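Biologist: I have some labels to query. Can you take me through them one by one?

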Amino acid sequence: MIRAIRACKTAAEERTVVRKECAAIRDTINENDQDYRHRNLAKLMFIHMLGYPTHFGQMECLKLIASPGFPEKRIGYLGLMLLLDERQEVLMLVTNSLKQYPVSIRNSFCFCILAFFYSDFQTNLNHTNQYIVGLALCALGNICSAEMARDLAPEVERLLQFRDPNVRKKAALCTIRIIKKVPDLAENFINSAAGLLREKHHGVLITGVQLCTELSKVCGEALEYFRMKCTEGLVRNLKDLVNSPYSPEYDVGGITDPFLHIRLLKLLRVLGEGDADASDCMNDILAQVATKTESNKVAGNAILYECVQTIMSVEDNGGLRVLAINILGRFLSNRDNNIRYVALNMLIKAVAADAQAVQRHRATILECVKDSDASIQKRALELVYSLVNESNVKSLTKELIDYLEVSDQDFRGDLTSKICSIVAKFAPEKIWYIDQMLKVLSEAGNFVKDEVWHSVIVVISNASDLHGYTVRALYRALQTSVEQESLVRVAVWCIGEYGDILVKNVGMLDLEDPITVTESDALDVVEMTVKRHASDLTTKAMALVALLKLCSRFPSCSERIRNVIIQYKGNLLLELQQRSIEFNRIIANYQNIRSILVERMPVLDEANFVGRRDGSLPGTASTPTGPSVNLPNGVTKTSVAPLVDLLDLNSDEAPAPSSSGGDLLQDLLGVDLPSTSEQFG
Amino acid sequence: MIRFILLQNRQGKTRLAKYYVPLEDSEKHKVEYEVHRLVVNRDPKFTNFVEFRTHKIIYRRYAGLFFSLCVDITDNELAYLECIHLFVEILDHFFSNVCELDLVFNFHKVYLILDEFILAGELQETSKRAIIERMGELEKLE
């Protein structure tokens, strides 16, 4: 059959073959043919693996399990594990297939099946043939449900002492499943589990260790018990293992049974966590594992990694921690990406415990940010982020921004947001902040979130001595990176506000290159922004406001500005059209109030902005700057802080003015012209 | 704990799937599809670990076959990587020079080997010889 299915060229062909086979299997099931039952089930499993429905075969599994011969039972159990999972599902599926019967009969029928299924399980668990017991345990371990766990726990516990090691180890793993399903049962197993730790057989020992680890996790009593009674024994076990001579059976890359190593270390970690005595007891062996394990193979590194994890979580021991972090440092310079990845992962956890020790590996970590593998990049970036402090912020930010220039598109979003938050958090002085943010904006402005460029504007408006410097820097940046949307917005806003400073070169700092910008140069830039097709609505709207402002800063150019603005009076975008018409009237008809209208924005309230960004201020209605007002259309609107008003797209949202002069600006964007002119005309 | 084990070829055909947590059939198909998408296009230079929903996939490629294990986020990745290798070595010994077709035609045996190697999502036996011997005993019973 498999051959036939493989020979199929198309999916349709495959479906026909499968359908035929299924029909044939159903026929033989109906004939109740003993001899072919297991072959049919094997076929069914294959069909199931291809993703076809096979529920009609489930009863066959149960029949096979009940049959006396081993091969039949074996296939039956295999089918059971594959075709069904937890018992609820058996119940459900059996119920489904019985839909034609009335409910009462159906229930009793299900019950019969389950009872049958159970008793069969129980017989098999009590069977004298160890292979059959093994099969039953295997199935139990893989599909056991909570009810099953409760009913069969005593049997399994008895099997933990079975004479054959194969059964003991299976029983141990079954127990793990049982206590995961029903944690209450855990205490019944403590004694027998502790018994398993004295085993010499590797398979039984490793399952015993895993069982103890799981028991300690779900049951405090077990944890105490193992701590008291087994810690020394485990340490001895590990010591024997570390010093054991070469044994080909368990050897992996020159190390005897690394898997057992790892499980032992893991259990020690659970026992040592939060307990000084137990931790003391294992210090020596941890140090021995950490120093003696060969690190040129994956297996060795896996042990070292587990050992480091244990060292970091057991009670404090300075010497060991340094050793552990040095191991991680060595991992970082490994050429294998897997190893670097786990090292970074571990270092992220270690930063909380001992930031100083991790700092020493900063340079290597920075190299990892530049790796080509995305998962390494991501980890390394996170780590760098948690390493930043006041003293290293400048050098780290420089590195990151340099890397931003060459990094992948996919990675830029993450990188930018991390840089921005580092810069905002640790900036030692304003000029540095502005410098760095402008660099980020001009490199990756399209990846910057709205609140980031909003806060840049707030900071700029607060740094009154740097207005000139900033606007010139922005003007320069705009020449090269026009396609970065948020850079353009910040630049346009600043040119609008500080256009006169730009032209007159006010507040020149020593470190700047001199630059001459004429009024028409400044206008060119803004005009280009409005006209560029790629600019989005917000940017264009902001550029129109900037133009309006410039017409009072540069009175000689007002005719040119008006010509630009007027082009938008028929724009299909309502926002632009409205702004164009309003601004046109202001320029043409209200020369007397124009200069007051467009005077510079009052300094934006930094604390207020930060608070709003963090969401710590409840509602803006309660802030003194923006009382709730009645708009002409009669709807009560809640006003928002000035910055957002100016940048806000939706003019409906903006409030009507209260009385102060600065609020005239809000007015410009907010209410429509007639009401403005009424007030000032 | 291992949540599931998948063996897939490059075309995304699942050759072996073993789940240690209960999942709906449709969910299983989705998982198999997603895991295949995740691992098949990764550069061999990249790490063998990928995050998958709230867990991790540890995968390793042998010729055209991908062996993927889905494990808890706190588990030791390197150990599971070694574990995949051990499993492959066992298969290799058992079938003497295993290839994809061996796994297709003897899928029930592969499941049996797996049941001797891993049970309830945990490692059961770490000795290659012990598992091969055990399989020999089981074969004799048939």
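**Labels and their cut-offs**

Modeller: This is a predicted model. A:Met542 has a relative accessible area of 7% and is buried.

Biologist: What makes A:Met542 buried?

Modeller: Buried means under 20% relative accessible area. A:Met542 is at 7%, so the label applies. A:Met542 sits in helix α29, residues 537-553 of chain A. Its C-alpha atom is 7.0 Å from that of A:Arg489, and the two residues are 53 apart along the chain.

Biologist: Why is A:Thr310 called buried or exposed?

Modeller: Its relative accessible area is 0%. The limit for buried is under 20%, so A:Thr310 is buried. A:Thr310 belongs to helix α16, residues 298-313 of chain A.

Biologist: What makes the pair A:Thr310 and A:Leu265 a polar contact?

Modeller: A polar atom of the A:Thr310 side chain lies 3.2 Å from the backbone oxygen of A:Leu265. The cut-off is within 3.5 Å, so that distance qualifies. Leaving aside residues up to four places away in sequence, A:Thr310 touches A:Leu265, A:Leu268, A:Arg269 and A:Leu286.

Biologist: Why is A:Cys230 called buried or exposed?

Modeller: Buried, because A:Cys230 has 9% relative accessibility and the limit is under 20%. A:Cys219 is also buried, at 9%.

Biologist: How many disulfides does the structure hold?

Modeller: The count is 0 over all chains. A:Cys230 is in no disulfide, and the nearest cysteine sulfur, that of A:Cys212, is 6.2 Å away. A disulfide needs the two sulfur atoms within 2.5 Å, so A:Cys230 does not qualify.

Note on methods
Residues numbered from 1 in each chain as written. Chains lettered and ligands numbered in written order. Predicted model: local features only at pLDDT ≥ 70, side-chain atom pairs only at ≥ 80, totals over all residues. Heavy atoms only, no water. Buried < 20%, exposed > 50% of the residue type's maximum accessible area, 1.4 Å probe, protein only. Helix = DSSP H or I, 4+ residues; strand = E, 2+ residues; numbered from the N terminus. Polar contact = N/O pair within 3.5 Å; in protein donor to acceptor, adjacent residues only side chain to side chain. Contact = heavy atoms within 4.5 Å.
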